[in-house]
Amino acid sequence: MKGECKDKEAFMRVKHRQAILSSMIKRKELLLFEYFPEREVFILYDGQFQMLQKIEHFMEYLQREDKIHPEDKWKMAGFCNGEVRNSIEIRYIEGEGLVSRKNLNSVYLPKSLNEESVLLGSIRDVTIERRKEEQLQEEAQRDPLTKLYNKRAGTKLIEKYLRTKDPYSACGLMIIDVDYFKDVNDNYGHLFGDVVLKDLAKLLLMVCDKKDVVMRAGGDEFVILFKDIPNKALVRKAMQLVHSIRNQTFQEKEYSMTCSIGVCYLPENVSGYTYEQILKNADWALYRAKENGRDRYVFCDNL
């Protein structure tokens with residue numbers, strides 16, 4: 001009788017495991033697995049419960065495995081050992097350096113009288129979902145017309161840089177304002193005004209490095225933070241911008257664009273300044289540039 005009870009219990013245990021895995025299939029999970037912690041055995045199945053791979057000494061295998069992102073191996077180990085419950089997401093290195101993302105869900109069945117404990121789970125590729133989320137997040141940070149950072153996102157990036165920057169690094173802030181932009185819209189129309197702003201945005205990106213922050217602060221006003229830049233290089237950037245903008249041509253209209261630029265430089269070993277403080281200095285310089293006839297840059301020499 002005892003043998004029959006044990007067999008019945010084992011049978012029910014297997015049926016329970018199959019029911020759990022079947023429910024995961026119904027949720028459109030792509031791969032299924034069983035992990036037995038006491039023996040460190042990991043078994044991978046396809047959606048039809050056909051075994052794809054059986055890995056013994058799984059924890060040792062995990063350390064050698066080069067497809068799981070190195071920073072996520074600890075997460076995978078904790079998940080299998082029960083330290084991380086229910087769900088995790090790991091990065092998986094595909095061929096040619098491509099990285100995919102896998103979501104792992106699990107149900108833990110504790111050890112019973114005659115059966116060892118087991119982790120039942122599913123693996124679903126969520127790479128496309130994450131890319132869509134990242135794309136939406138990126139779009140939320142961008143100005144829809146120029147594709148530069150919008151004011152909110154750009155301000156946050158600049159504030160973060162100023163809070164965390166190396167005190168031995170210098171930086172510079174520029175405010176660029178299109179001269180008489182209202183006349184452009186009035187004389188040529190708003191569609192052409194949009195063309196002017198988009199072309200200017202492209203010019204600004206050409207002058208900047210990838211590490212710099214370029215944003216459209218609103219209307220025809222743009223702000224650039226040049227990271228880790230010497231004073232002389234910042235002067236050259238300002239001079240280059242004035243000349244490049246002046247030489248920009250538009251086939252649609254006989255229009256010559258010019259800009260006024262205010263520049264503030266934060267030297268080495270000077271810290272504690274906020275974005276608002278530096279912006280006020282650059283804005284003061286911008287006002288001087290406009291006062292002095294526009295189509296020029298002016299530096300704020302005294303913070």
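Gly 262 lies in strand 10, which spans residues 259-266; helices (H or I, at least four residues) and strands (E, at least two) are DSSP runs, numbered from the N terminus. The structure is a predicted model, in which local features need pLDDT of at least 70 and side-chain atom pairs count only at pLDDT 80 or more, whereas totals for chains, interfaces and linings use all residues. Residues are numbered from 1 along each chain as its sequence is written, and side-chain values use heavy atoms, with hydrogens and water left out.

With a relative accessible area of 0%, Gly 262 is buried; buried means under 20% relative accessible area, exposed over 50%, and partly exposed in between (1.4 Å probe, protein chains only). Not counting residues up to four places away in sequence, Gly 262 touches Leu 173, Met 174, Ile 175, Ala 282, Ala 285, Leu 286 and Val 298, where contact means heavy atoms within 4.5 Å. Gly 262 and Ile 176 are 86 residues apart in sequence, yet their C-alpha atoms are 6.7 Å apart in space. Ser 260 is also found in strand 10 and counts as buried, at 0% relative accessibility. The side chain of Ser 260 makes a polar contact with that of Asp 179, at 2.6 Å. A polar contact is a pair of N or O atoms within 3.5 Å; within protein, one must be able to donate a hydrogen and the other to accept it, and residues adjacent in sequence count only if both atoms are side-chain atoms. Beyond four places in sequence, the residues touched by Ser 260 include Ile 175, Ile 176, Leu 286 and Arg 294.

Strand 10 belongs to an open sheet of five strands, ordered 8-9-7-10-11 with mixed pairing; two strands pair if DSSP finds at least two bridges between them. The edges are held by strand 8 (213-218) and strand 11 (296-300), each with a single partner strand, so one side of each has no neighbour in the sheet. From one strand to the next, the twist averages 20°. Axes are lines fitted to C-alpha atoms, for helices over the stretch in contact, and angles run from 0 to 180 degrees between N-to-C directions. Strand 7 and strand 10 run antiparallel and are joined by eight bridges; the bridge partner of Gly 172 in strand 10 is Tyr 265. Helix 9 (residues 275-291) packs on this sheet, touching strands 7, 8, 9, 10 and 11, and its direction makes about 140° with that of strand 10.

The largest nonpolar core has 35 residues, and those with the most contacts inside it are Met 174, Ile 176, Ile 224, Leu 241 and Met 257. Such a core is a set of buried Ala, Val, Leu, Ile, Met, Phe, Trp, Tyr and Cys residues joined through side-chain atoms within 4.5 Å. Elements giving two or more residues to this core are strand 7 (171-178), helix 6 (181-188), helix 7 (190-207), strand 9 (221-226), helix 8 (231-246) and strand 10. Helix 7 supplies the largest share, eight residues. Apart from this core lies another, of 20 residues, among them Ile 158, Ala 217, Ile 278 and Leu 279.

A further open sheet has six strands in the order 3-2-1-6-5-4, with antiparallel pairing. Strand 3 (51-55) and strand 4 (87-93) stand at its edges with a single partner strand each, so one side of each is left without a neighbour in the sheet. The twist in this sheet averages 25° from one strand to the next. Four bridges join strand 2 (residues 41-45) to strand 3, and the two run antiparallel; Tyr 45 has Met 51 of strand 3 as its bridge partner. Helix 3 (residues 73-81) lies across strands 1, 2, 4, 5 and 6, at about 140° to strand 4. Helix 4 (residues 127-140) lies across strands 4, 5 and 6, at about 120° to strand 5. The buried residues of helix 3 are Lys 73, Met 76, Ala 77, Gly 78, Phe 79 and Cys 80.

Phe 79 also forms one aromatic cluster with Phe 33, Tyr 35, Phe 42, Phe 58 and Tyr 61. Rings of Phe, Tyr and Trp (its six-membered ring) pair if their centres lie within 6.5 Å; planes under 30 degrees apart count as stacked, over 60 as edge-to-face and the rest as tilted. By this rule the count comes to 12 aromatic pairs. The ring centres of Phe 33 and Phe 42 are 5.1 Å apart and their planes lie at 15°, so the pair is stacked.
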